[in-house]
Amino acid sequence: MNEIELITQQTDNWVKKVIMKYNICPFARREVERGSIRYLVVEQTKVKLVLKALIEECQYLDAHPEHETTLFILPRGFEGFYTYLDLVDMANDALFDNDYEGVYQLAHFHPDYCFEDEPQDSAANFTNRAPYPTLHIIREASMELALANYNDPESIPERNIQFCERKGSEFFIKLLAECMGK
C-alpha cells in the first residue's frame with residue numbers, strides 16, 4: 001500500500017469507526033453505504049496550490065453528482081492548528097470568490113482541533129478531531145434536505161459534545177490510534 005492509499009484508509013477508518021459508528025454525523029452512514037464519499041489526498045503544501053486544488057475539487061463535484069461529498073485531506077503543511085485555521089478562512093473566501101458560496105460549505109477537522117475556550121485536553125474537541133487536517137466539502141442543497149428531514153438538527157453538536165465528554169479523551173485517543181493502525 002502506498003502512502004496515499006494508507007492516508008485514505010486511515011481516514012476511511014475514522015469515518016467508519018468514529019463518525020459513523022458513534023453517530024457523530026447522523027448523515028454519514030447513508031453516504032458510506034452508498035459509496036458516495038470521495039477521499040482526496042492533497043499533497044500540495046503551499047496555500048495558493050491548496051486553494052486551487054480545492055476549487056478544482058468543487059468543479060469535479062459539479063461534474064460528478066454520484067459523489068455526494070469530498071474529504072479533502074491535507075497530510076502535510078498544515079499540522080499546526082492555527083495555520084490550518086488560517087487556511088480554513090482562506091478556503092471559505094475562495095469558495096465565495098469562485099461563486100461557490102451557497103453551493104458548497106466546508107466542515108473542518110484536525111488532529112489537534114480545539115474549540116475556543118476549551119482546554120486542549122477536553123474530550124469535547126474530539127467531535128472535530130481527525131487523523132489528518134481535513135476539509136469536508138459538503139453540497140449545501142443536500143445538507144439542507146438532510147437537515148429538513150432530521151428531527152431537532154440543532155441538538156447534534158451538543159449531543160456530540162455530551163457523548164465525547166461521557167466517553168472521555170482517553171477513549172478517543174485510543175480510537176484514533178486504532179484508525180491509524182497503531
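**Reading charge patches, burial and the core**

Mentor: In this predicted model, K17 counts as partly exposed, with a relative accessibility of 40%, and K17 lies in helix α1.

Trainee: Why is K17 called partly exposed?

Mentor: The class of partly exposed residues lies between under 20%, which is buried, and over 50%, which is exposed, so K17, at 40%, counts as partly exposed.

Trainee: What makes K17 part of a surface patch, and which residues form that patch?

Mentor: The positive patch is formed by K17, K21, R166 and K167; a patch member needs over 30% relative accessible area and no salt bridge, and like charges are joined within 9 Å. The 40% of K17 therefore satisfies the accessibility condition.

Trainee: Which residues form the negative patch, and how do you know that D86 is partly exposed?

Mentor: D86, D89, D93, D97 and D99 form the negative patch, and D86 is placed in helix α4, residues 81-97. Because its relative accessible area is 44%, between the limits of 20% and 50%, D86 is partly exposed.

Trainee: Why is E57, in helix α3, called buried or exposed?

Mentor: E57 has a relative accessible area of 3%, and buried means under 20%, so E57 is buried.

Trainee: Which residues touch the most other members of the largest nonpolar core, and which element gives the largest share?

Mentor: Of its 31 residues, W14, V15, V18, I73 and F172 touch the most other members. Among the elements that each supply at least two residues are α1 (3-20), β2 (69-73) and α7 (169-179), and α1 gives the largest share, 6 residues.

Key: Residues numbered from 1 in each chain as written. Predicted model: local features only at pLDDT ≥ 70, side-chain atom pairs only at ≥ 80, totals over all residues. Heavy atoms only, no water. Patch = residues over 30% accessible without salt bridge, like charges linked within 9 Å, V, L, I, M, F, W, Y side chains within 5 Å. Areas by Shrake-Rupley, 256 points an atom, 1.4 Å probe, with all protein chains shown as cover. Salt bridge = Lys/Arg side-chain N within 4 Å of Asp/Glu carboxyl O. Lys, Arg positive; Asp, Glu negative; His and termini not counted. Charge placed at Lys NZ, Arg CZ, Asp CG, Glu CD. Helix = DSSP H or I, 4+ residues; strand = E, 2+ residues; numbered from the N terminus. Buried < 20%, exposed > 50% of the residue type's maximum accessible area, 1.4 Å probe, protein only. Core = buried A, V, L, I, M, F, W, Y, C linked by side-chain atoms within 4.5 Å.
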